[in-house]
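This report goes through selected local features of one structure. The sequence and the structure come first.

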Amino acid sequence: MSEHGRWRDVARAAGLLDRVGGTLRSTIFAEMTALAGRTGAVNLGQGFPDVDGPESVREAAVEALRAGANQYAPGDGIPALREAVASHQRRHYGLEVDPGSQVLVTTGATEAIAATVLALAGPGDEVLTLEPYYDSYAAVIAMVGATHTTAPLRATPDGFRLDEDALRAAFSARTRIVLLNTPHNPTGAVLERAELELVAALAREHDAVVVTDEVYEHLTFDGATHVPVATLPGMAERTVTISSAGKTFSFTGWKVGWLHGPAPIVDAIRTVKQFLTYTSGAPFQPAVAFALTDEGVRAWVAELAESLATRRDLLCEGLEAAGFAVVRPRGTYFVLADASAHLERHSLPDGAALCRALPGLAGVVGVPVGAFTRPGSAADEAMRPYVRFTFVKREPVLHEAIARLAALV
Ligand SMILES: *Cc1c(COP(=O)(O)O)cnc(C)c1O
């Protein structure tokens, strides 16, 4: 066995990767990025904006840096940011959150998710997510040794929707956390009030905590409204709400996130978070506090959502013209495209195979939705022909991708 192989086997991470099927996953993400680099393909795989957020927010970070915000920030986050989170939740959703005891600033939504699952679940517990799901969920559930259960989102003429029977069946007496995500990556679904009420009722019935990843809360289209679970009757007392500056303000590299929830739950999460990063992003925290409260920035975010809706339309039309069947997303950065026609034509087994062939066939890179499902699950089978493309790129980049995709037909 090679040295590399030997140490990889010894590493605990190897066990983790096996448990979450991460070997395949990380290989595909890395492979697609490398493929895009090597072939000069247009990369619609990775979901980050190719234009930065507002200049005023960037300047606020520069100012904070110059003014000396360069040492450890308080572990909870600076008071101005915790207050900005509370006022944002009040202004947008009518939620009353105490910035002193119920808000925690984190290293992106990713750390908020990890710290929450670490604080609330362990071996013997089940953590229920939608499927497909954001890939960090499966990893952190495996890290704590909990069991990952899922409820599928199904493609319908009305977008991806929760299946009530499957959702009910996914709950058990051991369900400790329901880890939701709306607006949803990768499907672009914005869960409706009725769907969320059903989840809420089942969570109450099974005495589970609902953790909601709402990082795309402001990026919805066609008048779709984001409903935070914490606003549903009786849910604030059992819900942890997570969001982040990355997607809302187009600064994905800053990694400033936050969570809020009932004080005793936030206490438990704080204990874990303390020993993950303790604190991070000192000069970015005042800038994000500014972004969350400034009216000019609020207008910028609304314009971003409108421009994303336009870019979604552009990419959806291009994909349809190129022989894909798209499920129109009502939020996020992503569209899922059913590539069945191309799989048949080129005798390819699944979206992963198409993604490997796509740079050669059309000079474009996407991500197979199989990267967001559990091998062998019902959702994995249903998602087999699907590819995720991002439209959070400048219009000329999308036009170029569409022109290239036209070569498929
Ligand atoms: C991007 C993303 C995250 C990660 O957010 P960070 O603030 O960058 O850590 C979490 N959840 C979903 C669904 C995402 O798409």
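## Glu111 in helix 6

The model is predicted. Glu111 is part of helix 6, which spans residues 108-120. The relative accessible area of Glu111 is 6%. Glu111 is therefore buried, as the value is under 20%.

The side chain of Glu111 forms a polar contact with the side chain of Lys273, at 2.9 Å. With neighbours within four places in sequence set aside, the residues in contact with Glu111 are Thr106, Lys273, Leu276 and Thr277. Lys273 thus appears both in this contact list and as the partner in the polar contact.

## The ligand and its shell

The ligand is surrounded by Gly108, Ala109, Thr110, Tyr134, Asn181, Asn185, Asp213, Val215, Tyr216, Ser244, Lys247 and Lys255. Helix 6, the helix that holds Glu111, supplies the largest share of this shell, with three residues. By class, the shell residues divide into four nonpolar, five polar and three charged.

Three polar distances to the ligand can be given in detail. A polar backbone atom of Ala109 is 2.8 Å from an oxygen atom of the ligand. In the side chain of Thr110, an N or O atom is 2.6 Å from an oxygen atom of the ligand. For Asn185, an N or O atom of the side chain is 3.0 Å from an oxygen atom of the ligand. On its own the ligand has 390 Å² of accessible area, and the protein covers 94% of that area.

## Helix 7

How much of helix 7 is buried? Helix 7 runs over residues 135-144, and eight of its 10 residues are buried, so the helix is largely enclosed by the rest of the structure. The buried residues in helix 7 are Ser136, Tyr137, Ala138, Ala139, Val140, Ile141, Ala142 and Val144.

Gly145 comes just after helix 7 and takes a positive phi of about 80°.

## Thr156 in strand 4

Thr156 belongs to strand 4, which covers residues 147-156. With a relative accessibility of 29%, Thr156 counts as partly exposed. This class applies because the value lies between the 20% limit for buried and the 50% limit for exposed.

The side chain of Thr156 reaches the backbone oxygen of Gly159 at 2.6 Å. Apart from neighbours within four places in sequence, Thr156 is in contact with Arg161 and Val327. Val62 lies 94 residues from Thr156 along the chain, and the C-alpha atoms of Val62 and Thr156 are 46 Å apart.

## Cysteines

A disulfide is a covalent bond between the sulfur atoms of two cysteines. With a cut-off of 2.5 Å between cysteine sulfur atoms, the count of disulfides is zero. Cys316 is in no disulfide, and the nearest cysteine sulfur to that of Cys316 belongs to Cys355, 16 Å away. Likewise, Cys355 is in no disulfide, and its nearest cysteine sulfur is that of Cys316, at 16 Å.

Are these cysteines buried or exposed? Cys316 has a relative accessibility of 0% and therefore counts as buried. Cys355 is also buried, with a relative accessible area of 0%.

Technical notes. Residues are numbered from 1 along each chain as its sequence is written. This is a predicted model: local features need pLDDT of at least 70, side-chain atom pairs count only at pLDDT 80 or more; totals for chains, interfaces and linings use all residues. Side-chain values use heavy atoms; hydrogens and water are left out. Helices (H or I, at least four residues) and strands (E, at least two) are DSSP runs, numbered from the N terminus. Buried means under 20% relative accessible area, exposed over 50%, partly exposed in between (1.4 Å probe, protein chains only). A polar contact is a pair of N or O atoms within 3.5 Å; within protein, one must be able to donate a hydrogen and the other to accept it, and residues adjacent in sequence count only if both atoms are side-chain atoms. Contact means heavy atoms within 4.5 Å. A residue is near a molecule or strand if one of its heavy atoms lies within 4 Å of it. Accessible areas come from the Shrake-Rupley method with a 1.4 Å probe; for residues, only the protein chains shown count as cover. Ala, Val, Leu, Ile, Met, Phe, Trp, Tyr, Cys and Pro count as nonpolar, Asp, Glu, Lys and Arg as charged, and the others, Gly among them, as polar.
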